[in-house]
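Visitor: I am new to this structure and would like a close look at a single part of it. Please take one residue and its surroundings slowly, and then show me how that part sits within the whole.

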Amino acid sequence: MKKFEGQPAATAGVGKDLVNEPMIRHWCEAMGDTHPAYTGPDAIAPPTMLQAWTMGGLSGHGDGTGRTSGYEELFELLDGAGFTSVVATDCEQEYVRDLRPGDRVSYDAVIETVSERKTTKLGTGHFVTTRMDVSVDGELAGTHRFRILKYAPAQRSSPGKGPGRAEGREAEQAPLRALRPRPVINRDNAGFWAGIAEHRLLIQRCEECAELRFPWLPGCNACGSGRWDTVGASGSGTVFSYVVMHHPPFPAFDPPYAVGLIELAEGVRIISNVVGVAADEVRIGMPVRLEFRRVDDELELPVFRAEVA
């Protein structure tokens with residue numbers, strides 16, 4: 001697999017749309033980002049939209065613009081070796097210049113690294129890192145590194161049997177437990193997950209301008225300060241938007257279920273499950289209350305229970 005390192009995954013790809021004001025507005029509304037730099041005659045695109053301008057949407061790029069066979073060949077090799085499951089683990093972005101409405105982005109992507117075989121709680125597999133360089137008129141605008149794990153799922157024992165396979169006839173009869181995807185915990189968000197372990201939903205607060213922000217970021221998007229502390233959310237909120245998931249099926253979930261964009265009383269928004277009512281009864285503006293739900297032996301998550309009369 002090491003022969004794939006350095007091979008192109010896309011060459012001379014071109015963004016499907018110009019950088020444009022409607023997409024910037026939709027992004028900012030969804031994120032609750034009201035920074036003035038993203039509006040007006042001299043508006044720039046939020047830097048975190050870097051990858052958005054390279055994506056083909058639900059219809060894809062159609063003509064396969066820029067794509068090469070290297071990535072597909074690598075995945076076929078991993079699938080053939082039994083590493084048939086995939087999970088995204090993290091991404092890193094570097095911003096070099098602002099993108100403005102009217103810019104047409106182009107991009108080249110390369111398979112940067114394929115790791116040695118690694119064993120994780122999900123299973124054994126290989127981490128694959130792809131680097132995409134995004135440019136405008138031949139000038140580098142930013143770099144996006146995306147890392148996934150291609151793995152063979154670990155075998156889970158029945159409760160009380162400890163790690164590994166159950167033994168004998170019980171191993172044939174005991175179904176494997178399907179686990180929810182694991183959150184990627186890094187230096188930027190470790191404090192958030194430490195709060196969840198203590199049944200506290202922590203929101204970052206800038207020490208310079210007191211702006212609240214969520215999700216957690218290393219710096220303030222209002223004033224740029226890297227100094228921050230936290231405040232605990234009251235737990236009260238409303239459904240700002242939502243979707244009801246029916247497809248695709250995933251063993252750890254029981255569709256249909258509602259995924260809501262929850263506006264907390266403090267003014268920031270968080271994505272989580274809406275529980276306590278049938279998925280088709282969730283409505284925009286519905287009041288909800290924070291609670292913590294243990295989804296398996298190792299993972300506890302914040303969810304929001306609908307407050308209905």
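Guide: What follows is a walk around one residue, with the chain as a whole and a few other places added for orientation.

The model is a predicted one, and the residue chosen for the close look is H126, which is found in strand β5, a strand running over residues 123-136. Is H126 buried or exposed? With a relative accessibility of 6%, H126 counts as buried, because the cut-off for that word is a relative accessible area under 20%.

Which residues surround H126, once its neighbours within four places in sequence are set aside? Its contacts are M1, then L78 and F83, then the run V114, S115, E116 and R117, and lastly I148, L149 and K150. One of these partners, S115, deserves a second look, since its backbone oxygen lies 2.9 Å from a polar atom of the H126 side chain.

To place this part in the whole, it helps to step back to the protein chain, which has four helices and 14 strands and whose C-alpha trace spans about 70 × 55 × 40 Å along its principal axes. Of the 309 residues in the chain, 37% are buried, and H126 is one that counts as buried. If one takes the contacts between residues at least 6 apart in sequence, 62% of them join residues at least 24 apart. The accessible surface of the chain comes to about 17,500 Å², with 53% of that area belonging to carbon and sulfur atoms. As for charge, the chain carries 33 positive and 42 negative side chains, and the centres of these two sets lie 5 Å apart.

A second residue gives a point of reference for H126, namely E300, which is 174 residues away from H126 in sequence and 27 Å away in space, taken from C-alpha to C-alpha. E300 lies in strand β14, made up of residues 300-306, and with a relative accessible area of 16% E300 is buried. The side chain of E300 takes part in a polar contact of 2.7 Å with the side chain of H199, and in another, of 3.3 Å, with the side chain of R294. Beyond its neighbours within four places in sequence, E300 is in contact with W193, I196, H199, F292, R293 and R294.

Some of those partners lead to a stretch named in a record: an unreviewed UniProt entry annotates residues 232-293 as "domain: ChsH2 C-terminal OB-fold". In this model that span is 0% helix and 53% strand, and its end C-alpha atoms lie 18 Å apart.

Elsewhere in the chain, helix α1 covers residues 21-31, and N20 caps its N-terminal end, with a side-chain oxygen 2.9 Å from the backbone nitrogen of M23. After α1 comes G32, whose phi is positive, near 70°. The loop between α1 and α2 (70-80) holds I44, a residue that is buried with a relative accessible area of 12%. Leaving aside neighbours within four places in sequence, I44 is in contact with I24, A37, Y38, D98, L99 and R100, while from C-alpha to C-alpha I44 and K3 are 39 Å apart in space and 41 residues apart in sequence.

To return to the part you asked about, H126 is a buried residue of strand β5, with the backbone oxygen of S115 lying 2.9 Å from a polar atom of its side chain.

Key
Residues are numbered from 1 along each chain as its sequence is written. This is a predicted model: local features need pLDDT of at least 70, side-chain atom pairs count only at pLDDT 80 or more; totals for chains, interfaces and linings use all residues. Side-chain values use heavy atoms; hydrogens and water are left out. Helices (H or I, at least four residues) and strands (E, at least two) are DSSP runs, numbered from the N terminus. Buried means under 20% relative accessible area, exposed over 50%, partly exposed in between (1.4 Å probe, protein chains only). Contact means heavy atoms within 4.5 Å. A polar contact is a pair of N or O atoms within 3.5 Å; within protein, one must be able to donate a hydrogen and the other to accept it, and residues adjacent in sequence count only if both atoms are side-chain atoms. Accessible areas come from the Shrake-Rupley method with a 1.4 Å probe; for residues, only the protein chains shown count as cover. Lys and Arg count as positive and Asp and Glu as negative; His and the chain ends are not counted. The place of a charge is taken as NZ of Lys, CZ of Arg, CG of Asp or CD of Glu. UniProt positions are given in the numbering used here, feature names are shortened, and annotations may be inferred rather than shown by experiment.
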